[in-house]
Amino acid sequence: MAVGNHRSDAVDEGGEALEASGESERRATAEREALGTPVRPRSKSDFDSSYAGQPPWDIGRPQAAFAGLAAVGGLIGRVLDVGCGTGEHALLAASAGYEATGIDLASAAIERANQKAYDRGLNARFLVHDALDLVSLDGPFDTVLDSGLFHVLSDDDRVRYVEQLRSVVVSGGRCYILVFSDRQSGDWGPRRVTERELRDCFADGWRVESVASSAYEVTLHPGHAEAWLATVFRT
Ligand code: SAH
């Protein structure tokens, strides 16, 4: 009898575990679909509606890649966080004592970023502003942080974006760009970016210091995607 009970418990537990893993896989698939496909760049209204909830890239802390850069003194001077979302990277720079500005097209994201700055007693400025119009900001900047913006831009917008960066980054200033890499399998999420594409985009007026294998943390299983972290200096 005891053996019988034991066996039937084991079957039940196994069944529940299978069901739970099926459910979590279904949820992960739905979340990935909500991120869009890599071939279709997301529009402003896509992003606005993402911030009605908590988008999977909004992990509530800086990406480890940027925290690592801050730890070695890589975020310096006037810092611009482009496509800042809810502001973690501008806040990271502000907490290290630097003058930080975050810009994003999504007003809901900027509202949250301002609230975080207030809650944390940090002095960072957040503006609803287009990354394709950086020259109308009060630059120049010494450091630009791009966590997940470059990989949502169309080919044409990438060119325009890099031109804008060239106009607002001081000579010797640096940009750090974290993108989903072509090493990430699957077709969920943003466009994959190759090392070659990064190097080509920053071929003129920049020195590409490194394109390093990195991770882009997300709230989805398994918690991160394969990424490139590009470090480029304005010549
Ligand atoms: N850097 C944030 C958000 C990454 S998601 C983070 O790491 O959490 C990409 C962000 O870029 C979104 O917040 C989106 O609203 C913003 N974005 C997309 N196109 C933009 C543009 N042209 N100008 C400014 N922000 C833009």
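This is a short walk through one predicted model, from the whole chain down to single residues.

I will start with the overall layout. The chain has 235 residues, and 38% of them count as buried. It holds seven helices and seven strands. In sequence order the pattern reads α-α-α-β-α-β-α-β-β-α-β-α-β-β, so you can follow along on the structure as I go. Take the contacts between residues at least 6 apart in sequence: 69% of them join residues at least 24 apart.

Next, the ligand. There are 18 residues around it, and those that come nearest are Phe47, Gly83, Gly85, Ala131 and Gly148. Sorted by class, the shell around the ligand contains 11 nonpolar residues, four polar ones and three charged ones.

Now to strand S1, residues 78–82. How many of the residues of S1 are buried? Five of its five are, and the strand is mostly covered. In a regular strand, side chains alternate between the two faces of the sheet. In S1 both faces are covered. Arg78, Leu80 and Val82 are buried on one side, and Val79 and Asp81 are buried on the other. S1 pairs with S2 in the parallel sense, over five bridges. Within that pairing, Arg78 stands opposite Glu99 of S2.

Ahead of S1 there is a loop that comes from H3, and Gly74 lies in it. Gly74 has 15 other C-beta atoms within 10 Å, which makes this residue partly exposed. Between the C-alpha atoms of Gly74 and Ala93 the separation is 9.7 Å, and the two are 19 residues apart along the chain.

Let me turn to helix H5, residues 107–120. Does its length come out as expected or not? At 1.5 Å a residue, the 14 residues of H5 should span 20 Å, and the end C-alpha atoms are 20 Å apart, so the two agree.

Which residues of H5 are buried? They are Ala109, Ile110, Ala113 and Ala117. Looking down the axis of H5, these buried residues fall within an arc of 95°, and therefore they line one face of the helix. The cover over them includes helix H4 (88–95), strand S2 (99–104) and strand S3 (124–128). Ser107, Tyr118 and Asp119, on the other side of H5, are exposed. Just after the helix comes Gly121, with a positive phi of about 65°.

The remaining points concern prolines in loops. Pro56 lies in the loop between helix H2 (44–50) and helix H3 (64–71). Is Pro56 buried, exposed or partly exposed? With 19 other C-beta atoms within 10 Å, Pro56 is partly exposed, because the count for a buried residue starts at 20. Pro56 is 164 residues from Leu220 in sequence, yet the C-alpha atoms of these two are 6.3 Å apart in space.

Two other prolines follow cis peptide bonds. One such bond joins Gly139 and Pro140, with omega about 0°. Pro140 is placed in the loop between S3 and strand S4 (141–147). The bond from His221 to Pro222 is also cis, and omega there is near 5°. Pro222 has its place in the loop between strand S6 (206–217) and strand S7 (224–234).

To recap the two elements we looked at: H5 has its buried residues along one face, whereas S1 is covered on both faces.

Technical notes:
Residues numbered from 1 in each chain as written. Predicted model: local features only at pLDDT ≥ 70, side-chain atom pairs only at ≥ 80, totals over all residues. Helix = DSSP H or I, 4+ residues; strand = E, 2+ residues; numbered from the N terminus. Buried ≥ 20, exposed ≤ 12 C-beta atoms within 10 Å, placed from the backbone. Contact = placed C-beta atoms within 7 Å. Near = placed C-beta within 6 Å. Nonpolar A, V, L, I, M, F, W, Y, C, P; charged D, E, K, R; others polar. Expected span 1.5 Å × (residues − 1). Arc of directions from axis to C-beta. Pairing = 2+ DSSP bridges.
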